Amino acid sequence: MNTVYVQPGEGQHYSMIDGDHVAKVAIKDDGGAFEVFEMIAPAAPMAPPHVSPWTGVLFLIEGRITAVVDGTTYEVEPGGVVVFPAGTPSTFGVDGESARFVAITSGDGAGRFFADFASSVPADRPVEDSMAAILSVTSRHGVALAER
């Protein structure tokens, strides 16, 4: 592994329906792989719970969010951390105007998913209007909507 330094404001931006996902770094070495993202999320309806093949760790910096993980609701405040285990139905929603957080994901698949999603699903359209594109992207990356 090599040292990596990313300046504030730098990174690959992926504009998505749930906010701006900024890929800061992807690391892969003999010990495994992980990715680090900065996310700026506006207030929006909570996405349906979904199941990802990677674990996500969310560290809230600004704002407040409600996270739902495997049916349990967590009210997360700045400085709070919530883990979304791989294979577990999860979602979150912003409480208030916006939230900013750091997300660390296991493996190296989340960045490819975000890039595909951002280029395939219009960020300025209601989820209902983009459902066919959303389902196409999620199926390509092993992400699935959870059963209700």
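This report covers the fold, the overall dimensions, one hairpin and the main nonpolar core of a predicted model.

**Fold and dimensions**

The chain holds 2 helices and 9 strands. From the N terminus on, the order is β-β-β-β-β-β-β-β-α-α-β. A compact globule of 148 residues would have a radius of gyration near 15 Å, and the chain agrees because its own value is 15 Å. Contacts reach far along the sequence: of those with a separation of 6 or more, 62% join residues 24 or more positions apart.

| Property of the chain | Value |
|---|---|
| Span of the C-alpha trace along the principal axes | about 40 × 35 × 30 Å |
| Buried share of the 148 residues | 36% |
| Exposed area | about 8,200 Å² |
| Share of the exposed area from carbon and sulfur atoms | 54% |

**The hairpin of strands 5 and 6**

Strand 5 (residues 56-69) and strand 6 (residues 72-76) run antiparallel, joined by 5 bridges. Val68 has Thr73 as its bridge partner in strand 6. The hairpin leaves 2 residues between the strands. Asp70 takes a positive phi there, near 50°.

**The core**

The largest nonpolar core has 28 residues. Ile65, Phe92 and Phe101 touch the most other members. Two or more residues come from each of strand 1 (12-16), strand 3 (32-42), strand 5, strand 7 (81-84), strand 8 (90-106), helix 1 (110-120) and helix 2 (131-140).

Phe92 shows these contacts in detail. Leaving out residues up to four places away in sequence, Phe92 touches Asp18, Ala41, Met46, Ala47, Ile65, Thr66, Ala67, Phe84 and Phe101.

Methods. Residues are numbered from 1 along each chain as its sequence is written. This is a predicted model: local features need pLDDT of at least 70, side-chain atom pairs count only at pLDDT 80 or more; totals for chains, interfaces and linings use all residues. Side-chain values use heavy atoms; hydrogens and water are left out. Two strands pair if DSSP finds at least two bridges between them. Helices (H or I, at least four residues) and strands (E, at least two) are DSSP runs, numbered from the N terminus. A nonpolar core is a set of buried Ala, Val, Leu, Ile, Met, Phe, Trp, Tyr and Cys residues joined through side-chain atoms within 4.5 Å. Buried means under 20% relative accessible area, exposed over 50%, partly exposed in between (1.4 Å probe, protein chains only). Contact means heavy atoms within 4.5 Å. The radius of gyration is taken over C-alpha atoms; the globule rule is 2.2 Å times the number of residues to the power 0.38. Accessible areas come from the Shrake-Rupley method with a 1.4 Å probe; for residues, only the protein chains shown count as cover.
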